[in-house]
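Student: I'd like to go through some helix packing and cavities with you. Could you show me the model?

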Amino acid sequence: MSRRDSRANAERIVVAVQRLWVEDAAPSMEQIATEAGVGVATVYRHFPNRAALESAVFARIFAEELLPLVDGAEEEDADLLDVAAHFVEVIGRYAPVLSEVGASQVTDEALEVLAEPFVDLLRRGQLRGVLRRDLEPVDLYWLLRMIVLGLNSPVATETVRRRYLAMLLPALSPEAEGELPPLSDEDYDRLGAPPERRQPPLDAD
């Protein structure tokens, strides 16, 4: 088998899992092989265990579904409510996986992969005057974590998500009243913020 064929098989397997995850958090290797149109041995050849396979699928979701949303938020005419709603909707599309693997784990993996794009997004938003200047990267990460975990409840519809996002977003604008309460070093440690992420990105430039 050529390298091209091997890469194509690996891609088919990852795409198959992505499709199956919409309905089933833990499809069997046999189901995955059937969906991908390959043999079970081929699945194991590329992904020796379920953790390796899940990691590859998460990477694809982040790169192809979430990262474009973050990039799109940098456009001058971007509607941040739409961007936030789509971000939550994409993660919510994989609700079975959120329940099985754990929503917090999936969200943490997403934010780890998207860390640098989020910092760039925050910096650009502050430069454009659409995000308050005292926001720090850790604020953005934890707000998104709270949003994803809170708005992917089984009873949260698209209109429910948009309503509560619309309440939250004004607090991020430069017009929001009052300064943000400061975080202590202990807070930063608990929140997992590295030293270089403990100030607004404009102050770090």
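Student: What makes H7 and H8 a contact in this predicted model?

Tutor: Contact means heavy atoms within 4.5 Å, and Ala115, Phe118, Val119 and Leu122 in H7 meet Pro137, Leu140, Tyr141 and Leu144 in H8. Helices here are DSSP runs (H or I, at least four residues), numbered from the N terminus. The model is predicted, so local features need pLDDT of at least 70 and side-chain atom pairs pLDDT 80 or more, while totals for chains, interfaces and linings use all residues. Residues are numbered from 1 along each chain as its sequence is written, and side-chain values use heavy atoms, without hydrogens and water.

Student: How do the residues of that contact divide by class?

Tutor: They are 8 nonpolar, no polar and no charged. Nonpolar covers Ala, Val, Leu, Ile, Met, Phe, Trp, Tyr, Cys and Pro; charged covers Asp, Glu, Lys and Arg; the others, Gly among them, are polar.

Student: Why is H7 called roughly perpendicular to H8?

Tutor: The axes of H7 and H8 cross at roughly 115 degrees and come within 9 Å. Roughly perpendicular means 65 to 115 degrees (under 35 is roughly parallel, over 145 roughly antiparallel, the rest oblique), so H7 counts as roughly perpendicular to H8.

Student: And what makes something a cavity?

Tutor: On a 1 Å grid over the protein atoms alone, a 1.4 Å probe fits at the points of a cavity but cannot get out; lining residues have an atom within 4 Å of a point. The structure holds 3 cavities of 30 Å³ or more, and the largest has a volume of about 320 Å³. Of its 22 lining residues, those closest to the centre are Leu80, Ala84, Leu121, Leu140 and Leu144.

Key:
On a 1 Å grid over the protein atoms alone, a cavity is a set of points where a 1.4 Å probe fits but cannot get out, and a pocket is an open set with protein on both sides within 12 Å along at least five of seven lines; lining residues have an atom within 4 Å of a point. Grid points are joined across faces, edges and corners, and a volume is the space filled by probe spheres set on the points. Axes are lines fitted to C-alpha atoms, for helices over the stretch in contact, and angles run from 0 to 180 degrees between N-to-C directions. Helices (H or I, at least four residues) and strands (E, at least two) are DSSP runs, numbered from the N terminus.
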